Amino acid sequence: MNEKAMKILEYNKIIDLLASKAISPMGKNLCRGLLPVVSLQEITAAQKETAEAYSMLMRKGSFPIGGIKDISVPLKRVEMSGALNIEELLNIGEFLYVVKKALNFSKYDNQDDYFELVEKYFSSLQAVPQLEKEISRCIVNENELADDASNALYEIRKNIKISNSRIREQLNSVIHSANYKNMLQDTVITIRSGRYCVPIKQEYRNSFQGMVHDQSSTGATLFVEPISVVNLNNKIKELSAKEQDEINKILSRLSDLVFESLDVLKNDFELLAYLDFVFAKGQLAIDLKASEPKFNTEGYINIKKARHPLLSGTVVPIDIYLGKSFTMLLITGPNTGGKTVSLKTLGLFTLMGQSGLHIPAFDNSELNVFDEVFADIGDEQSIEQSLSTFSGHMTNIVNILKEVNYNSLVLLDELGAGTDPVEGAALAMSILQYLHARKIRCAVTTHYSELKVYALSTEAVENAACEFDVDTLRPTYRLLIGVPGKSNAFAISKRLGLDDMIIENAKQLLTSENVKFEDLITELEISKKTVEIEMGKAESYRRESERLKKDLESQKEKLQEQRQKQIFEAKEAAHRILYEAKEEADKIIRNMQKLEREKNSFKELDAERNKLKDKMSSVSEEVSKGQKSNLSLKRITSGLKMGDRVYVHSFGQNGQVVSVDNTKRESMVSFGNMKVKVSFDDLSIDETKATDDKKYNNLVTSVKKGKSQFIKPELDLRGKMVDEALEIVDKYLDDAFLAGLSQVIIIHGKGTGALRSAVQSFVKAHVHVKSFRLGAFGEGESGVTVCELK
């Protein structure tokens with residue numbers, strides 16, 4: 001790609017921005033080496049990488065490789081069989097820790113978090129936990145190894161500590177001794193030349209036995225090593241030398257471990273650097289609020305709401321399209337109106353897109369893959385090369401025309417400026433005709449009216465204008481394609497303070513043709529603005545209608561959900577009430593049966609019956625509303641017959657007619673295993689659809705199936721007391737009946753016969769038992785009772 005054009009379009013500043021988003025030195029280097037490519041396949045892959053990095057950063061936060069160091073030099077030294085120092089090994093340990101964090105970052109919880117291209121790099125990363133753990137264990141910081149890095153180092157440092165302690169004991173005895181009190185300059189212990197010393201006055205040099213290692217700047221104080229600690233100091237020296245030897249052995253051993261994992265480390269190093277580069281692209285896209293452009297090879301460009309990434313403050317977005325119905329775009333308008341920025345935006349976005357970077361524009365913006373981008377923008381004047389503005393521009397244009405091909409993008413700013421306007425306009429038109437004939441995509445800025453006429457009269461050439469607000473006398477920076485612009489020299493001069501008389505005189509000097517053309521331009525601008533306003537209103541109305549439609553649908557869905565929720569909660573409450581009532585009823589019935597067996601007073605039995613009736617009445621009141629809402633009821637007048645389904649209002653239950661007494665206007669109604677005599681006035685015909693019966697039968701069937709999975713055909717009562725045994729038998733017979741068993745065996749044992757008699761008396765009156773007998777030979781004989789169920 002043309003280096004001069006990249007410099008003019010400030011591509012290098014975008015690269016600097018990108019490098020600032022990378023974390024590691026290696027990633028920054030890769031960012032600085034990024035260049036546009038011309039292969040559609042490579043561009044698509046690079047754009048997809050950026051898109052995946054963008055999505056991962058938005059979902060998971062920043063890429064966690066902070067603290068990573070460049071370990072390329074240590075790896076080369078290890079490769080040449082060299083030993084690493086403590087700091088280099090520590091950097092490798094930190095690098096392996098970063099690898100582990102990167103792998104954790106790449107884990108995804110669901111398929112939506114899977115990113116194909118980026119995952120390919122993450123899957124190639126390999127952690128080396130053993131090496132990381134060993135480096136972490138052996139190295140405390142960049143200057144020190146841990147005591148337990150090896151057993152030998154531990155023993156050496158232990159002996160050094162012991163020797164230091166003994167020396168301090170000896171020196172403490174010296175500085176606190178009365179014999180040396182007058183000789184000491186101060187009662188402190190100091191170190192000189194790596195040996196422990198005490199400060200002695202100069203005049204006692206010959207009186208104090210020891211080795212002089214240093215003296216003060218005045219010479220009044222001598223730092224003397226007492227003779228009593230010389231051997232201990234010598235021992236520490238020896239131990240320190242051994243310590244250094246052992247440290248070197250440990251570093252050599254750790255370097256060997258690094259060498260064993262050298263290939264993995266080199267691969268991880270390259271992968272992390274590249275991943276850092278990819279996530280830098282993603283972070284840049286986030287910061288610029290950029291989107292992924294679509295690419296084609298048909299010469300078509302359509303950039304929606306583009307914002308130049310290097311502009312600060314509030315940036316007015318522009319729409320630029322080129323290459324479909326026209327291949328050349330002529331942009332006119334006032335100075336400082338945004339013409340040059342439009343050119344630079346078009347060229348810079350092309351370079352960014354072909355480098356795999358997202359562009360700050362709306363989604364689905366389109367770019368063409370160009371072989372070259374050429375630009376002649378800015379002041380090309382050069383005093384050193386004796387080039388005027390015109391000469392500088394023309395030299396650049398000559399080079400462009402030599403190298404340009406069909407698949408090139410050419411950007412020319414103020415074509416033909418810097419010389420005689422007539423000759424400049426003619427030359428500019430000739431250059432445009434040359435580019436147009438070769439169908440080269442080209443965007444040009446100009447002030448020449450002749451070029452505006454050329455665009456209006458030439459196929460595949462389109463005018464564009466940088467809008468100017470005449471009321472405020474300021475540019476709006478909007479690009480209007482399809483309308484030729486005005487330079488607005490008179491309006492700008494008036495705003496800057498030029499005398500009105502001079503401006504009016506200048507207007508008189510214009511030819512009538514020029515005035516008419518400028519008036520035509522003004523009318524076109526007014527028409528364009530009117531259409532845009534109306535289109536804006538129409539779009540606003542459309543969006544408002546869409547919003548109202550969505551709100552209506554949302555409210556409808558919420559109402560439906562609330563209704564379903566209320567129905568569900570009502571059904572749940574009814575089921576819970578019925579379940580609790582059934583449990584209470586079963587308990588009361590068992591008490592009633594127990595009272596009958598024990599032949600207690602009728603008052604207690606009646607009390608239990610009344611309790612049952614009260615319970616059923618209360619349940620009836622709680623669920624009757626819900627029941628009635630789901631029943632189709634008809635009051636009974638006459639004609640009731642056996643088998644009819646009816647609803648009993650006092651119980652809130654529906655049942656089946658067993659018998660009818662039309663004279664007394666009463667009927668016997670069955671509720672499962674219970675029969676109740678009810679007046680016609682308390683009954684209604686239940687005309688609920690047959691599906692309810694089907695649901696009931698399905699429910700009964702499902703209950704039976706559920707019971708049959710757990711109910712055995714025999715019950716063992718041996719060892720039970722009579723009262724306890726009868727309660728178990730009652731529950732067992734209910735469950736066996738529900739499970740659909742036709743015969744069950746109750747094992748009570750032979751014994752004294754008391755339990756057998758109680759069981760047989762109980763089953764004789766039980767509602768579910770059809771008949772019973774003692775067991776036959778092989779069944780348990782008199783030790784069991786065989787019951788046939790209804």
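**Entry 1: a surface patch**

I began on the surface, where Leu498, Met501 and Ile502 form a nonpolar patch with about 300 Å² of accessible area together. A reminder to myself: this is a predicted model. I then looked up one member of the patch, isoleucine 502, and found it in helix H17, which covers residues 500–509. Its relative accessibility is 42% or 44%, I wondered, and the value turned out to be 44%, so isoleucine 502 counts as partly exposed.

**Entry 2: salt bridges**

How many salt bridges does a search of the whole structure find? I noted 27. I picked a few to look at.

My pick from the start of the chain was lysine 13, whose side chain meets that of glutamate 10 in a salt bridge at 2.8 Å, N to O. Are the two partners buried or exposed? Lysine 13 is partly exposed at 42% relative accessibility, whereas glutamate 10 is buried, because its 18% falls under the 20% limit.

Next I looked up lysine 100 and glutamate 132, which form a salt bridge at 3.5 Å, N to O. This pair links distant parts of the chain, 32 residues apart: lysine 100 sits in helix H6 (residues 86–106) and glutamate 132 in helix H8 (residues 129–138). Lysine 100 is partly exposed, with a relative accessible area of 36%, while glutamate 132 is buried at 14%.

Then I turned to arginine 157 and aspartate 147, whose side chains meet at 2.7 Å, N to O, in a salt bridge. Here too distant parts of the chain are linked: arginine 157 belongs to helix H9 (residues 151–175), and aspartate 147 lies in the loop between strand S2 (144–145) and H9, 10 residues away. In this pair the arginine, residue 157, is buried at 11%, and aspartate 147 is partly exposed at 29%. Which residues share a network of salt bridges with them? I found Lys161 and Glu243 linked with Asp147 and Arg157.

**Entry 3: the sheet that H9 packs on**

Following H9 took me to an open sheet of four strands, ordered S3-S4-S6-S5, with antiparallel pairing. Why does one side of strand S3 (190–192) and of strand S5 (210–215) lack a neighbour in the sheet? Both stand at the edges, and each has a single partner strand. From one strand to the next, the twist averages 50 degrees.

In the middle of my notes is the pair of strand S4 (residues 195–201) and strand S6 (residues 221–226), antiparallel over four bridges. Valine 198 has valine 224 in S6 as its bridge partner. H9 packs on this sheet and touches S4 and S6, with its direction at about 10 degrees to that of S4. Helix H10 (residues 230–260) packs on the sheet as well, touching S4, S5 and S6, and its direction makes about 145 degrees with that of S4.

**Entry 4: another four-stranded sheet**

I also looked up an open sheet with the order S23-S24-S26-S25, where the pairing is mixed. Strand S23 (714–716) and strand S25 (769–774) are at its edges with a single partner strand each, so each has one side without a neighbour in the sheet. The twist here averages 20 degrees from one strand to the next.

Strand S24 (residues 743–747) pairs with strand S26 (residues 784–789) in the antiparallel sense, over five bridges. I found isoleucine 747 opposite valine 784 in S26. Which helix packs on this sheet? Helix H22 (residues 754–764) does, touching S24, S25 and S26, and its direction makes about 155 degrees with that of S25.

How values were computed:
Residues numbered from 1 in each chain as written. Predicted model: local features only at pLDDT ≥ 70, side-chain atom pairs only at ≥ 80, totals over all residues. Heavy atoms only, no water. Salt bridge = Lys/Arg side-chain N within 4 Å of Asp/Glu carboxyl O. Buried < 20%, exposed > 50% of the residue type's maximum accessible area, 1.4 Å probe, protein only. Helix = DSSP H or I, 4+ residues; strand = E, 2+ residues; numbered from the N terminus. Pairing = 2+ DSSP bridges. Axes fitted to C-alpha atoms, helices over the stretch in contact; angles between N-to-C directions. Contact = heavy atoms within 4.5 Å. Patch = residues over 30% accessible without salt bridge, like charges linked within 9 Å, V, L, I, M, F, W, Y side chains within 5 Å. Areas by Shrake-Rupley, 256 points an atom, 1.4 Å probe, with all protein chains shown as cover.
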